[in-house]
Each structure stands twice: as C-alpha cells, then as structure tokens.
Amino acid sequence: MCVFVQARRLHHKKITMNVHVRFENVTVTYGPKTALADVSLDIPEKRILAVIGPANSGKTTLLRCINRTIDFISTAKVRGRVLIAGKKGTGLIGRNGPEAGTDAQRGSSHQLDLSPFSPGEDIFQIRNVYELRRKVGMVFPLPVGLPLSVYENVAYGPRRAGLHRRQELDPLVEKCLRQAMLWDEVKDRLDMLGTKLSGGQQQRLTLARALSLRPEILCLDEFSIAIDPVTTMRIEDILRELKNQMTIVLVTNLVQQARRLADYTAFFSAGRLIEADETETIFTKPKNRLTERYVTGDFG
Amino acid sequence: MTLGNNSLSPPPSPPAALLKGEGRLSPNPFAPSAIENRKKIKETIARCVLGAITFLLILPVAAIFGYLLIKAWPALGFSFLLENPRDNMTAGGVWAPLVGTFCLVLISLLLAAPVGVLAGVYLNEYARDNWATRAVNLAVMNLAGVPSIVHGLFGVGAFVLFAGMGKSMLAASCTLAVMTLPVIITSTREALGSVPMAFREACWNMGATRWQTIRTIVLPNSLSGILTGVILQVSRAAGETAPILFTGVVFSARVRDYGLHESCMALSYHLFTLATQVPGVSDQVEYGTAVVLVGLVLAVNAASIALRSRLRSRKKW
C-alpha cells in the first residue's frame, strides 16, 4: 500500500511512520526569483506536519506543489520530483455513495475517473490532475464562501465529480458540516448565501468544502490569520480529530500553533529547508542555529 | 490646576469667543475657526459647480426630445406606428421601417452576442499573455474605433459582393454585427473580471475544471454585466445609418416581402431620405419618424440601466 516505511524509536515505543508525499530535490522558480531551492522533505502519513518560517520562505509554494495549483502560475518552473504514495482501491465517489469504495467501483453511470494512484507516482506526471486536486484539500488564509447557498457550497466538489443524487448528497453535506463544527449554526439556514456568513463561519465552510471530497491530504495555508481566536481554537480541535483519517500539512506563521498541533515541524527560510524533525525536538533541541533563533522569536 | 488664564483675566463670554472662532481659549473646542470656515465655503462652491455641470447634461437631451415632440405632436399616435408610409412617403406611418429596424437589430444581435460573449470568455479566462493574445486584443480595440461608414463599405465588399449575399437583410445584419462585436467583447471581459479571482481558485482547488468553474460560478454571476453591455449595443445598432446604407436597406419595400435575402426599410435610413430626398414631406411626419427613432433608443437604454441597477441590488458578495 505505501512505498516508504521507516521505523523510529520514541519513548521505548516502536512507531511506524509511513511517508505520504516525498519532495526530492525540488526547485521552484518564478521567473528570476527562486521560491524553493533544492528541497527534500518527507511528509508523514496521518500526522500533522507544520511548516513554519518567515515570510517569502516558500511555504505556500510547497503547498501549491502538492496539489499542482502551481500549474496556474505561468512563470513557475518546477525541477525535481514530488512523489505521492497512493492507496489502491479507494474510489472517491462511487456508485454506492461516498461510504463505499473499497473495491474499484468503476464503470458507473457518471463518467468519473476513479483510477487510483499507483504507489510512488510523480505528482507532476499524473495525467488526471483533477483527481489529484480532489484528493488534496486546501484551505486558504482568507475565508472564501462561494456565492451559492451553504448546502451548494459544500456540495460543490461532489457535484463537479459527478455526484448529484440528493439522497447521497444530503448525508455528505451534513457530515462535512458537522466535522467542520458548523452544522449547529447553519442547519436551519442551509439555503443562505455562503458569502453572507461571518469570517469564522466562512473559514469553517471552506474546511467543510475541503472535507467534502474525503481528501487524503489536507493542506491549510495560514488558516487562522483572518479569523477570531475562538474559531481558531475550534478548528484546531477539528484538526486534532482529523489527524487519524488524513495527512495534514499546516503552514503557519504562529509558532505556538505549530507547537500545539503538530507532530512534525519543518522550518523553511528563504526557500531552503533548514530543519525538519519532531516538533518537540525543533522547539527544545533544534540542531540549527537559525531554527533556534526563529522558534525563540529572535526574528520573523 | 486651572486651565487657561482664569486667574489672571476674566474669560471671554461664550458668544464672542464662538464668533471669533478662537480654538484654545474658547469654551467650545469644536467651534469652527477661520480656516474651517474658508474650507467649508470652498467645499460648498465645488459641490454646487460640479452638481450644476452634471445637471446641465440633462438639458441637451431634454431640448432635443422636447423639440422633436413639439414638432411631431400632431402626427403621433398608435396609428403612426402601425401604418405604412404612403403617397410616396409624404404621409402615413413608420410600420415598415420599424419592422425593418427590429429585424435587422435582432439578427445582428443573434450573430454578434454569442460570438462576442464566448470570445470575451476565452480572452478573460483561458488566454495566456503571449503575442497571439496581444494581437487579438489590439484587433478588438482597433475594430471598436473604425468609423461606421467604413464598416458599411466593408460590408459591401465582404458580405454583399464576396459572400454573394447581395443587398439583403442578412448582409446588413452581418455588418451591424461586426460593428457591435468589439464593445460586446469588452463589456463581457469587464463583467467577467468583476468576479473575484478567489472564487475561481477555490473551485480549482476542489478539482473543478476551468469550464466547470466558468459555467457554475463565473458566468451566472457576471450575466448582469454581460446583458447590460449587449443591450446597450442594441440601441446603437438601431440608430446607425451608414453600415446599412449600401448593404441592405432600400427606400421602399413591403413588410410581407421581408426575408433574409431581401432588402428592407429601416427607421434611420427612412429618416435620412425623408429629410433630404423627398419633396413635400410635412414636418410632422419627418419629426414623427425622428421621435420614434429617438424614443426607441432611449427606451432600450433605460431598460438596460434598469436591468443593471436591479441586478446590482441583488449582489451576492
């Protein structure tokens, strides 16, 4: 199922960490500017990896490489490989609804490409990039509610993937809104415009949209900068629960947020990966002087 | 600690201090000073002058329409609209030209609107910034600046002669379509551009293709702007004489003979010939035709403005 397996010893317990995404010597340039310089990083499966660093260190570029939205930037050039480990047989939205999908439910009435990734596939060679983007959920810094009803906001992804039947969409929408801790606030006004919600609600709506496609990887790009602290805390609780179901990559400027949430932390500066290790190590015994200065608040 | 010079001299009485406008020593710290008063006067002058200039704009329109109405008053009525011109165009109504204008504009709209909107969608959503796109943008801009008589001559060469349509409604409509195309493209691009990029990125990140995003989010939310642009071009096409002069209109034709490959009458051309070439036309028939034409243009413009303000009030973000 997963290609790369490493065993580590931690507190006398043997912990198996599988790698979900591997960056191999990745260099990304936007014209003359280098955003990522020779980055090699393993993103562990079903853990929270925090990516911290000062501004312009390439953190957002890293996320854009994972779901290939870097393709939309015409000046971007990517060298190196980004490999993603795939699971066989997890159809996204199969004929029997999102709960099913352990067998390849192909050839169904909607024209979905349910071909799973073979293990160790290079992201930039994948032909069906739309399937990749469904498997990688993304949450932006600024809350974005689409100008549709709340129900249609959450149902947008599944609808574009071919799922239109209400008896399947209704439980999916409810489940995602519950997971995003937004259900109680909107359950009576599901036909309200998504853009009319408050900032914190819109950010949770974005999270619900990202979850509606049951992604394998959830990427969050500074999700808390535009919302209030209470909503931030609630979303952090959600992430702790979601950790068991999917890999989470969290880009954050708030160093303490990384310390609270993340199992592993990677510190970037000026496009280079300076250090990546378990969170406790990064914060208590960092190996690099620059890391130590950053986590203690000396700069950035 | 006392404020001011209370212990040394009696404070000035409030009315005098307010009139003088002294800031620090007067009891009211918000009383306007001399500078404030000068600023206020200048602000008022600016507002009045700019407002007067703006409202002066109504005068030309009112004058034109008023003059036309006064001169045409005896002839106006439903019968004027529904009767055909008779007695060698010196009397009667404008039914045939009205139907002609209506058909010309409708056909040109059917030709120009889909092409213009889809071209605008491509240019805004898909086209990359390379030399080919820049050439297309330049072409659209230049097409918008071509004088209408040149459009007419182009229509003769391209549609009447080369495409073999002959002098017909089809050729005239094609010429009008070419004339209105660049503005439809530009207003479509503007309408699409008013949809924030954040919506598109949110959709792309969920695995939607560009066309799915356009179909579900971008187009429905920019439809009002697109429609407004198209309707404004309708009024322009209705009023133009030069493009249809050589390509499809004749002095006299019967409505039951109208067809795509037949020539027709048109309001703008009818007015032109009445005013210049027909002897013995009474004033009221001439001005009546003008009233109908101007009224048509004003009505269509008003409809587009009403549509735009109604759709703006239902803004979704």
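Begin by selecting helices α6 and α7 of chain A, whose crossing is right-handed, and keep in mind throughout that this is a predicted model. Helix α6(A) covers residues 199-211 and helix α7(A) covers residues 229-242, and their axes come within 10 Å and cross at roughly 15 degrees. Angles under 35 degrees count as roughly parallel, and α6(A) and α7(A) are therefore roughly parallel to each other. To see where they touch, show the side chains of G200(A), Q203(A), R204(A) and L207(A) in α6(A), which meet T231(A), I235(A) and I238(A) in α7(A). Coloured by class, this contact between α6(A) and α7(A) has three nonpolar, three polar and one charged residues.

Stay in chain A and turn next to its strands. Selecting β7, β8, β9, β4, β10 and β11 of chain A brings up an open sheet of six strands, which are arranged in exactly that order and have mixed pairing. At the edges of this sheet you will find β7(A), residues 136-139, and β11(A), residues 272-278, each of which pairs on one side only. Following the sheet across, the twist averages 15 degrees from one strand to the next. Now narrow the selection to β10(A), residues 264-269, together with β11(A), and you have a pair that runs in the antiparallel sense over six bridges. A useful place to centre the view is F268(A), which stands opposite L273(A) in β11(A).

Which residues of chain A should be picked out for the contact with chain B? The contact takes 21 residues from chain A and 15 residues from chain B. On the side of chain A that touches chain B, the elements that give two or more residues are α2(A), residues 129-135, and α3(A), residues 150-160. Of these, α2(A) gives the most, with four residues. If you colour this side of chain A by class, its residues divide into 11 nonpolar, five polar and five charged.

Hide chain A for a moment and look at chain B as a whole, where the secondary structure comes to 13 helices and two strands. The radius of gyration of chain B is 30 Å, well over the 20 Å that the globule rule gives for 317 residues, so chain B is more spread out than a compact globule. Along its principal axes, the C-alpha trace of chain B spans about 100 × 65 × 35 Å.

Within chain B, select helix α5(B), residues 95-126, and helix α8(B), which pack at an angle of about 35 degrees with their axes 6 Å apart. The crossing of α5(B) and α8(B) is right-handed, and the residues of their contact divide into 20 nonpolar, eight polar and two charged.

Keep α8(B), residues 169-193, on screen and add helix α7(B), residues 148-162, whose axis comes within 9 Å of that of α8(B) and crosses it at roughly 135 degrees. That angle makes α7(B) oblique to α8(B), and the crossing of these two helices is right-handed. On the α7(B) side, the contact is made by S148(B), H151(B), G152(B), G155(B), F159(B) and V160(B), while α8(B) brings A171(B), C174(B), T175(B), V178(B) and M179(B). As a last step, colour this contact of α7(B) with α8(B) by class, and its residues divide into six nonpolar, five polar and no charged.

Key
Residues numbered from 1 in each chain as written. Chains lettered and ligands numbered in written order. Predicted model: local features only at pLDDT ≥ 70, side-chain atom pairs only at ≥ 80, totals over all residues. Contact = placed C-beta atoms within 7 Å. Nonpolar A, V, L, I, M, F, W, Y, C, P; charged D, E, K, R; others polar. Pairing = 2+ DSSP bridges. Axes fitted to C-alpha atoms, helices over the stretch in contact; angles between N-to-C directions. Parallel < 35°, antiparallel > 145°, perpendicular 65-115°, else oblique. Left-handed = near helix turned anticlockwise from the far one by under 90°. Rg over C-alpha atoms; globule rule 2.2 N^0.38 Å.
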